[in-house]
Amino acid sequence: MSSLLWFTRPEGERLERICQIKLNGTELQHKYIVALTVCQSLQDDHEITIEELEMRYTTSVTKGLTSSKAAEVLERDGPNELLPPKGTPEYVKFARQLAGGLQCLMWVAAVICFIAFGIEFSRGTLGCFDDLYLAITLITVVVVTGCFGYYQEFKSTNIIASFKNLVPQQALVIRDGQKNQINAMDLVVGDLVEIKGGDRVPADIRIIFAQGCKVDNSSLTGESEPQSKTPECTHENPLETKNIAFFSTTCLEGVATGTVINTGDRTIIGRIASLASGVGNEKTPIAIEIEHFVDIIAGLAIFFGFTFFVVAMFIGYAFLEAMIFFMAIVVAYVPEGLLATVTVCLSLTAKRLARKNCVVKNLEAVETLGSTSVICSDKTGTLTQNRMTVAHLWFDNVIHAADTTEDQSGQSFDQSSETWRSLARVAGLCNRAIFKPNQESLPIPRRIVVGDASETALLKFTELAIGNMMEYRERFKKVVEVPFNSTNKFQLSVHELEDPMDLRYLLVMKGAPERILERCSTILVRGQELPLDEQWREAFQTAYMDLGSLGERVLGFCHIYLNENEFPRGYKFDSDEMNFTTSGLCFAGLISMIDPPRATVPDAVMKCRTAGIRVVMVTGDHPITARAIAANVGIITEGSETVEDIATRKRIPVEQVNRRDARACVISGGQLKDMSSEELDEALRSHPEMVFARTSPQQKLIIVESCQRLGSIVAVTGDGVNDSPALKKADIGIAMGIAGSDAAKNAADMILLDDNFASIVTGVEQGRLIFDNLKKSIAYTLTKNIPELTPYLIYITVSVPLPLGCITILMIELATDIFPSVSLAYEKAESDIMHLKPRNPRKDRLVNESLAAYSYFQIGAIQSFAGFTDYFTAMAQEGWYPLLCVGLRSHWEDVHLQDLQDSYGQEWTYAQRLYQQYTCYTVFFISIEICQIADVLIRKTRRLSIFQQGFFRSVDVNCMEQMGQWWFVPIPYGILIFVYDEIRKLGVRRHPGSWWDQELYY
Amino acid sequence: KGEGERNRWRETGLILLFYLVFYIFLGGMFVLTMYVMLLTLDDYKPTYQDRLVTPGMMIRPRGEAMEILYNTKDTESFDIYAQTLNNFLESYNNSLQVQNNDECPPDNYFIQEDSGEVRNNPKRSCQFNRSTLEECSGITDRTYGYQKGQPCVLIKLNRVIGMLPGKDGQSPYVTCGAKRYKVGQDEWKEDSDAIGELAYYPPNGTFNLMYFPYYGKKAQLNYSQPLVAVKFLNISLNTDVNVECKINSNTLKTGGERDKFAGRVSFKLRITSPKN
């Protein structure tokens, strides 16, 4: 696929050029991010001069638009909001519920019923209305389950909708030269807006003026490194240049003023969001399974129907009659209750998952999750807490570990050292982050802070360690500060001391450790200032390296008391000139920060590993950090080496290392860019432990596609707008409930309400369980198809009075058997399902031949025999011996024959015979029910003995009123079913892989 | 390749063998349970008779769909009815009856109980002589009155083992009348004018108690089912006449709406007779 795209400028200039878009240094290689879009939406607004800009939008960079002009533009462009992607119309969603594989089968059956009804009605056959009822029932079942499924999806859509931010965003806009607070929705192109730290950028903005402005582009690019914004055009590429701030990104600090150049769907984010719909939705595995199953059913139905059609013709029935037999058999094969069972099972699981923080948008996704074999997970927020936290401190030449747990309840380090107090003071004072007011009641880790990630971490850390930092800072009045910039790589501030008698100023500084060290001449050790000699420098170096290799962001801290004489009270400090001491400082220590993994994640990753699921980390972060976190949570296991590790260990060049020796592999976005798809496939194949770092969200899509090429069923997590294509492409897209953008949530199949990776694992477990249990449910439901069909076959071929009527069959299918088959959905797992490999979608089918054969031709056969035994018993006890029944049909059904003789010489009227026939229906029904009780017991397990699993955990067979002795006749057959299945399972367990196992394990 | 082929055949063979054994076993089990079930049955009396509380009634000749239609001038049209009755009544010939059956005291049940395990078989039956049907016996009138437009219809009560159709020496008897039938929404009609006078044979249309109880075809080989003949003496010609006959007994109830033939029987008569 070419990353080069030709495009035309919209103004008709026919300026054709190759647009190679770079986003934070990473190329967007993918077709879904069409360069055209980006270039169209941004044009050259960043390159033109301010004057040209004013001209273009008839605005002023000082006074803003006039109110009338603003109203006019608003009229023209519409409100500044992302229109929800054109969702599927509700009626289409509903229609989709009616058009699944099973549903189609039932529609066909209903049509056949209508045809049969038409034929029989015109011939005046008695009981032809059964066909009509059947047709109506079939349609009702489809429609009712359709409504049910629709309702389920509707409900989860609502849950998702409730997550949308309902508070309207405000923007500070300058119109007619006056500052106004208006709804961001009402912004128009040309408006002059002001943003400050903590604000969300309300539209795409060309920066006119900025002061220390930094934005977090993560919602756009997935990368959380703050980007500074200045009025200068620094790059011809609109995405790279510093003078454009994008809609939906967050301003972390500083202030900026800018002119709105794009609003609503015409913003970059809007364009990208609308592109996600370009990626087609794949069929879910369960839909494929059900289609496969419908194929089996339809094949068998037509085979049986045709066989008996031929048999009927051979026996001497009229063609039309034989045709009706054919249709009846085909219809009888349709498992009416199955659709309801599947829908109920899936929605029950969806409900269960929702309680565990997974909201499933599409019911079928529940099962997809169970078949997942690769999870491509984000790092930030999913594997980690999405919160920079102080992880380690180095002072007094010791590395102290700080508490990084989510509730910060762990044991902290020894805080008695004098050095610690100085270090904490520097960290607390040289810090511009502040708590948003009115959060005293919240625990410190959950308070909202305005400021960048590391300052936030330091603020919270000091707040925890020292106490009220806001008040603490009051005591040390700030005189001057120099914000961080990339040339200095440090930040400093000068404070008065809290002791009013001490008139010295305190200068505190933090920054990149090596830069800080350069400026220091002494080091604080146990409260003592010692000269910073070589030994200490080496100690510093070791500590710095150690912390760096943990993937942590390390900051150095130092301070100095300014000479009272040189800098007396009232001294004019100048932040630009820096007319004060900035060297010869006293080094206090290092503090390193990391976004720590969530507590539950290592366990969850471990579970995935035992479950045969690969967890691939895909992150925008630095490879070292990514690797550290991967190692931390177990994505890279202990002892696994990358090619580079092996090279270092063996002291050989990287090229000489056998790639297959390395279990782990860290690939950065840059490397990925240069890899062909074959190379990527090969890398994924040969390294079980993969980490992708510094990747753009678009590369995520490439990774997903590669996994899918290797035959995996891929789950992908994502939150950014740019993740939408990957989420759609994945077999199951998982969006984050908290951090996720609406676009991501729209594209996803499932939403994690708590953003926690561990919830995915729960989902996988439930998905696997539902696959197993659906199998059991289907096996159970299918079994009774045979005892429902055989009466009719025997009726045709042997001409006995009809043993089982159509309405009774519907009664079994839709009333008595629904509960047990649904109860199987609650069955606990037979073995530790999380210790098995994910199912192979090509081999482990939901309904395989052995399941069908075992259900139909074995258990079903036993049930049929049970039914006939009971039927013949009931007939014989009333005076109709089995041999008399054979061939009796035409007499039995003769309406005018009121004195048909039974085996004892008694004479029966038609009505009496009909009553007897209804009794037979009941008897057959009872037999099926009794056998189904045995069936539901055997279906609880497929491999384990029922005695190993425990008996009555979930069986809720609603016993009907005792109806005489007929309950007892089928019991031997029920026992036979039970014993036979135990023998089967014993064989399966004892001789895995044997012929018996292959044929009889489903 | 040949190996795989052979393996597949072997497997298919095994499966077939498995199913063969499986179905033989199931079939065997079925036959066995059937056999055991049949052993539990009494040869002489069905286990349950709850469907036969009220015995059905039936007519002879029964015609097509309980309709007797003929033309007095067209011999062929009623000959089939006469023929049916002839065949039906053959076993009631006096000679046969006297030869096979006992002459019983009337108005009493002819009870022949078994004494414990000792079967009192074969059981005797009472004579029902064809001659008791008099005008409808076919002895005097070979056409059973069909030619004269005075047709005979024989009515029989369905056999039910052990049924006692009357108490206190009261034999059940048959009465016939016009049938109320529906012609439209809530519109009922009966052909009471058209039915004319009726004659019953034996007198009063009784089923004498001596023919009951019935002991089943195995115990009571020569059972002669009692009959009642109804002769329509001056039934309206050239019109449909709906007739309903029902049993009058102090033990049997007529069936409800559900069974139109329990304790009663209805049929249609249409006798065509050209004026000239």
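**View 1. A nonpolar surface patch on chain A.** Five side chains, A:Phe968, A:Ile971, A:Ile975, A:Val979 and A:Ile983, make up a nonpolar patch on the surface. Together they put about 450 Å² of accessible area on show. Keep in mind for this and every other view that the model is predicted. Zoom in on A:Ile971 and you'll find it in helix 35 of chain A, which covers residues 971–990. A:Ile971 is partly exposed, at a relative accessible area of 33%. That fits the patch rule, because a member needs over 30% relative accessible area.

**View 2. The B:Cys104 and B:Cys126 disulfide.** Counting over all chains, the structure has three disulfides, and here is one of them: B:Cys104 bonded to B:Cys126, with 2.0 Å between the sulfur atoms. The torsion about the S-S bond comes out at about -105°, so this disulfide is left-handed. Both cysteines sit in the loop between helix 3 (94–100) and strand 3 (152–157) of chain B, so the link ties together parts 22 residues apart in sequence. How accessible is B:Cys104 in relative terms? It has 11% relative accessibility and counts as buried. B:Cys126 is buried too, at 3%.

**View 3. The B:Cys136 and B:Cys152 disulfide.** This pair is bonded with its sulfur atoms 1.9 Å apart. Its S-S torsion is about -75°, so the disulfide is left-handed. B:Cys136 belongs to the loop between helix 3 and strand 3 of chain B, while B:Cys152 is in strand 3 itself, so the bond ties together parts 16 residues apart in sequence. There's little surface to see on either partner: B:Cys136 is buried with a relative accessible area of 0%, and B:Cys152 is buried with 1%.

**View 4. The B:Cys176 and B:Cys245 disulfide.** B:Cys176 and B:Cys245 are joined at an S to S distance of 1.9 Å. With 105° about the S-S bond, this link is right-handed. It connects distant parts of the chain: B:Cys176 is in strand 4 (residues 173–178) and B:Cys245 in strand 9 (residues 240–248), 69 residues apart. Both B:Cys176 and B:Cys245 are buried. Which pairing do you get on numbering the bonded cysteines of chain B in sequence order? The pattern reads 1-2, 3-4, 5-6.

**View 5. Two cysteines of chain A without a bond.** A disulfide is a covalent bond between the sulfur atoms of two cysteines. Why does A:Cys104 have no such bond to A:Cys113? The sulfur in A:Cys113 is the closest cysteine sulfur to that of A:Cys104, but at 16 Å it is too far for a bond. The cut-off used for a disulfide is 2.5 Å between sulfur atoms. A:Cys104 counts as partly exposed, at 37% relative accessibility. A:Cys608 tells a similar distance story: its closest cysteine sulfur, in A:Cys376, is 12 Å away, too far for a bond. Is A:Cys608 buried or exposed? It counts as buried, at 0% relative accessibility.

**View 6. An annotated helical span in chain B.** UniProt lists residues 12–38 of chain B as "transmembrane region", in an unreviewed entry. In the model, that span is 100% helix and 0% strand. From end to end, the C-alpha atoms of residues 12–38 lie 38 Å apart.

Definitions and conventions:
Residues numbered from 1 in each chain as written. Chains lettered and ligands numbered in written order. Predicted model: local features only at pLDDT ≥ 70, side-chain atom pairs only at ≥ 80, totals over all residues. Heavy atoms only, no water. Patch = residues over 30% accessible without salt bridge, like charges linked within 9 Å, V, L, I, M, F, W, Y side chains within 5 Å. Areas by Shrake-Rupley, 256 points an atom, 1.4 Å probe, with all protein chains shown as cover. Salt bridge = Lys/Arg side-chain N within 4 Å of Asp/Glu carboxyl O. Helix = DSSP H or I, 4+ residues; strand = E, 2+ residues; numbered from the N terminus. Buried < 20%, exposed > 50% of the residue type's maximum accessible area, 1.4 Å probe, protein only. UniProt positions renumbered as here; feature names shortened; annotations may be inferred.
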